[in-house]
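Trainee: Could you take a close look at one part of this model with me? I'd like to go through the sheet and whatever packs around it.

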Amino acid sequence: MYTVRPVTAEELLGAAERLGGLLADSVDGGASVGFLAPLDPGAAADWWRALAPEVGAGRLLVWVAYPEAGAGAGAGAGAGAGTDAGRRIAGTVQLRPASTANGRHRAEVAKLMVHRADRGHGLAGRLLAALEEEAVGRGIRTLVLDTETDSPAERLYAAAGWTRVGTVPDFATDPAGVPHATSIYFKALAAAAHSPGR
């Protein structure tokens, strides 16, 4: 029902307006992802464009999810064969590997978002699974993230095998500006299997 794949810096720039729409939808829906409501879609698109240099340098990895052709209104609009240009973006997630010499085995998960029209189909879990598979392949063994305490996201992370470390009171505000506690999570990943001699 959905295609999940990483994007290049060039693809990110081409998708910035659609990603901005997804970000604005998430904020309007109450997601605590670093922005206050109402979020202007143009400003949201600019925020995505500003990430392109980091994606190009490999300091940030971004995945997007597209509805497969015929899987929803606008799913294939403007899309040519073999391209995702113009297709509606249903979800996204980011992975930021640590840059310090003693932390190259870990990374932070951020900005896991699914459009409100696409929730309830397991898409957030698929985005996380794609991210974790890539992390293992890169030798990353520890993932960390934070999320609003008592939010629906906490149930997702618990079901996906994440461990809650604790909470920080009034760590961030929701989109309306009301402070909430934040929960810190980690997940230990299994090392990638390598055949002898590799």
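Mentor: Let's start with Val165, which is exposed, at a relative accessible area of 58%. Keep in mind that this is a predicted model. Val165 sits in strand 6, and together with Val144 and Phe186 it makes up a nonpolar patch on the surface, with about 230 Å² of accessible area between the three of them.

Now for the sheet itself. The sheet is open and has 7 strands in the order 1-2-3-4-5-7-6, with mixed pairing. Strand 6 (163–173), the home of Val165, is one of the edge strands, and strand 1 (2–6) is the other; each of them pairs on one side only. On average, neighbouring strands of this sheet are turned by 20 degrees against each other, if you ignore direction.

Go to the other edge and the picture changes. Strand 1 pairs with strand 2 (residues 61–67) in the antiparallel sense, over 5 bridges. Tyr2 stands opposite Pro67 of strand 2, while Pro6 has Trp63 as its bridge partner in that strand. Strand 2 is also joined to strand 3 by 5 bridges, and those two run antiparallel as well. There, Leu61 stands opposite Leu95 of strand 3.

So what about burial in strand 2? Buried here means under 20% relative accessible area, and 7 of the 7 residues of strand 2 are buried, so the strand is largely enclosed by the rest of the structure. In a regular strand, side chains alternate between the two faces of the sheet. Here Leu61, Trp63, Ala65 and Pro67 point one way from strand 2, Val62, Val64 and Tyr66 point the other way, and all are buried. Compare that with Val165, which is exposed at 58%.

Then there are the helices. Helix 2 (residues 16–28) lies across strand 2, strand 3 (91–97) and strand 4 (106–114), and runs at about 80 degrees to strand 4. Helix 6 (residues 152–159) lies across strand 4, strand 5 (142–148), strand 6 and strand 7 (179–188), running at about 155 degrees to strand 5. Strand 4 is thus named for both helices, whereas strand 2 is on the list for helix 2 and strand 6 is on the list for helix 6.

Key
Residues are numbered from 1 along each chain as its sequence is written. This is a predicted model: local features need pLDDT of at least 70, side-chain atom pairs count only at pLDDT 80 or more; totals for chains, interfaces and linings use all residues. Side-chain values use heavy atoms; hydrogens and water are left out. Two strands pair if DSSP finds at least two bridges between them. Helices (H or I, at least four residues) and strands (E, at least two) are DSSP runs, numbered from the N terminus. Axes are lines fitted to C-alpha atoms, for helices over the stretch in contact, and angles run from 0 to 180 degrees between N-to-C directions. Contact means heavy atoms within 4.5 Å. Patches are made of residues with over 30% relative accessible area and no salt bridge: like charges are joined within 9 Å, nonpolar side chains (Val, Leu, Ile, Met, Phe, Trp, Tyr) within 5 Å. Accessible areas come from the Shrake-Rupley method with a 1.4 Å probe; for residues, only the protein chains shown count as cover. A salt bridge is a side-chain nitrogen of Lys or Arg within 4 Å of a carboxyl oxygen of Asp or Glu. Buried means under 20% relative accessible area, exposed over 50%, partly exposed in between (1.4 Å probe, protein chains only).
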